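Biologist: Please take a close look at the ligand site in this model, and set it in the context of the chain around it. I would like one connected account rather than a list.

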Amino acid sequence: MSNDTGQDLNGLQKKWLEAVASTGSVEALEQVRVDALGKKGEISALMKVLGTLAPEQRKDFGARLNVLRDEVAGAIDARKSGLANAALNARLARETLDLTLPARPEYEGRIHPITQTIDEIVAIFGEMGFSVAEGPDIEDDFHNFTALNIPADHPARQMQDTFYLPQRDDGSQMVLRTHTSPVQIRTMLKGDLPIRVICPGRTYRVDSDMTHSPMFHQVEGLVIDTHTNMGHLKGCLQDFVRAFFGIDNLPVRFRPSYFPFTEPSAEVDIGCDRSGGELKLGGDKDGNARNWLEILGSGMVHPNVLKNCGIDPSKYQGFAFGMGIERIAMLKYGIPDLRTFYESDLRWLRHYGFVPLDIPTMVGGLTR
Ligand code: DAH
C-alpha cells in the first residue's frame, strides 16, 4: 500500500523481513540491521522524513513506521538467537567426545634400559627392606681404596684402572670412583646401625672396547647387623636374581673368590644354556644348569673395613655385594652390544626403551 509520502511500507516490510530471514550468519544479519535500522539505514531515513509531513499525515505514517521498525527489529532479534543456537548446535555436534580414543596420548619418550634396570633392582631390594644410598662420582683415595682394605701398595689397585684427577697442592689426587663400594664406606661412617642399603650409580675405569665402557653402572649392596652371616647373603642374592630374571628355579652358584674388602668372598653365577649357539638363562626341567654365567661379586664385610669405619667387628658383621648394571640389563633384555647404551640412537631407544608409566614394582611385575 502506497501513501502520500510515496512510500510502500508493506513492500518495505516484505523486503526487510525476507532479508532477515535469508541471512545465514550473525555477520550477515548485522549488515541487514545496519542497512535497515542503522543511522543511514533505509527505515531510519524514513523517520527523518516524518518531520517534513503535515501533522495529520505524520500521526498515521509515524504510527505505521514505528510498527514496521519494531517488526523488523523483532525479526532481527529472533533471527539472531536462531543463528546463535544453530552455531552452538553445530559446535556441539562437531566437538563430540570419542570415548573409544585412548585415555592419554601415545608417549613419544622412552625410559633408557639402564634407568629401567635400576628401577627394577630398587623395587626388588626395596621389598626386602633395603633403602637407596648415594655417593659422589669424584672420590678421594680413602673412600675408593684405603678404607676398603686396599692400601697404597696393594696389588688390587692394579685390578682397576683408575682415572686420576690432577694432583692437588698437598700431593693428593681425587679419582673417578672405580666402583660403587665407596658408598658402603660413607654409609658405615654415618654410624646409623643396623644398615641395609643398595647404592646404584655411575663408575669409571680406563677401559674401552666391545665389552668395556669407560663409564658404566654398578649397584652395591650392604647389610650390617649383629647376627648377619653367609646364609643371609646367599638367600638374599638368590632371591634377587630369581626375581630380577623372572625365573623361579634359576640355578644359583656361589663360587669362592677374592676381594680385599670381603672375607670370605664369593662370586655368584647363574645357570644358563649355551648349546645351539644361543644363550638361554635358566636350568633344565630339574633345575640343573648346563653352563654358568658370572654376574656379581659378594662376601662378608672384612673386619678391617668395619674397623676403618668405626664399627666393632666383634659386635657387628655384614655382607656386601656389587654388580654391573649393563651386564645384567644385556642378559635380561637381550641387548648384544654394550656400546649401544651410550650412542643416544633414538631407533635403539625406541626398540629397547620402556614406556614411562611401566614403573617396575613387585606387585605390578618386572618383566615385559
Ligand atoms: N667392587 C667390586 C668391583 O667393582 C664388586 C664387589 C665385589 C663389591 C664384592 C662388593 C663385594 O661389595 O662384596 O669389582
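Modeller: In this predicted model, the chain is divided into two parts by the domain assignment, with domain 1 covering residues 6–94 and domain 2 covering residues 113–352. The centres of domain 1 and domain 2, taken over C-alpha atoms, are separated by 87 Å.

Turning to the ligand, the space that it takes is the largest pocket, and 16 residues surround it, the closest being His-179, Gln-184, Arg-205, Gln-218 and Glu-220. In chemical character, the residues of this shell divide into 4 nonpolar, 10 polar and 2 charged. Several strands contribute to the shell, for strand E5 (215–225), strand E9 (291–301) and strand E10 (317–324) each supply at least two of its residues.

The polar contacts can be described atom by atom. On the side-chain side, a polar atom of His-179 lies 3.0 Å from a nitrogen atom of the ligand, and a polar side-chain atom of Ser-181 is likewise placed 3.0 Å from a ligand nitrogen atom. With Ala-320 the contact involves the backbone instead, where an N or O atom lies 3.2 Å from an oxygen atom of the ligand. As for coverage, the ligand on its own has 350 Å² of accessible area, and the protein covers 90% of that area.

Some backbone features elsewhere in the chain deserve attention when the model is prepared for calculation. The peptide bond that runs from Leu-193 to Pro-194 is cis, with omega near -5 degrees, and Pro-194 itself belongs to the loop between helix H8 (182–190) and strand E4 (195–204). Glu-263 and Pro-264 are also joined by a cis peptide bond, for which omega is about -5 degrees; here, however, the proline, Pro-264, is found within a strand, namely E7 (residues 262–273). A further point concerns Asn-149, a residue other than glycine whose phi has a positive value, near 70 degrees, and which is found in the loop between helix H6 (141–144) and helix H7 (156–159).

Definitions and conventions. Residues are numbered from 1 along each chain as its sequence is written. This is a predicted model: local features need pLDDT of at least 70, side-chain atom pairs count only at pLDDT 80 or more; totals for chains, interfaces and linings use all residues. Side-chain values use heavy atoms; hydrogens and water are left out. Domain bounds come from an automatic or database domain assignment. A residue is near a molecule or strand if one of its heavy atoms lies within 4 Å of it. A polar contact is a pair of N or O atoms within 3.5 Å; within protein, one must be able to donate a hydrogen and the other to accept it, and residues adjacent in sequence count only if both atoms are side-chain atoms. Accessible areas come from the Shrake-Rupley method with a 1.4 Å probe; for residues, only the protein chains shown count as cover. On a 1 Å grid over the protein atoms alone, a cavity is a set of points where a 1.4 Å probe fits but cannot get out, and a pocket is an open set with protein on both sides within 12 Å along at least five of seven lines; lining residues have an atom within 4 Å of a point. A molecule sits in a cavity or pocket if more than half of its atoms lie within 2 Å of its grid points. Helices (H or I, at least four residues) and strands (E, at least two) are DSSP runs, numbered from the N terminus. Ala, Val, Leu, Ile, Met, Phe, Trp, Tyr, Cys and Pro count as nonpolar, Asp, Glu, Lys and Arg as charged, and the others, Gly among them, as polar.
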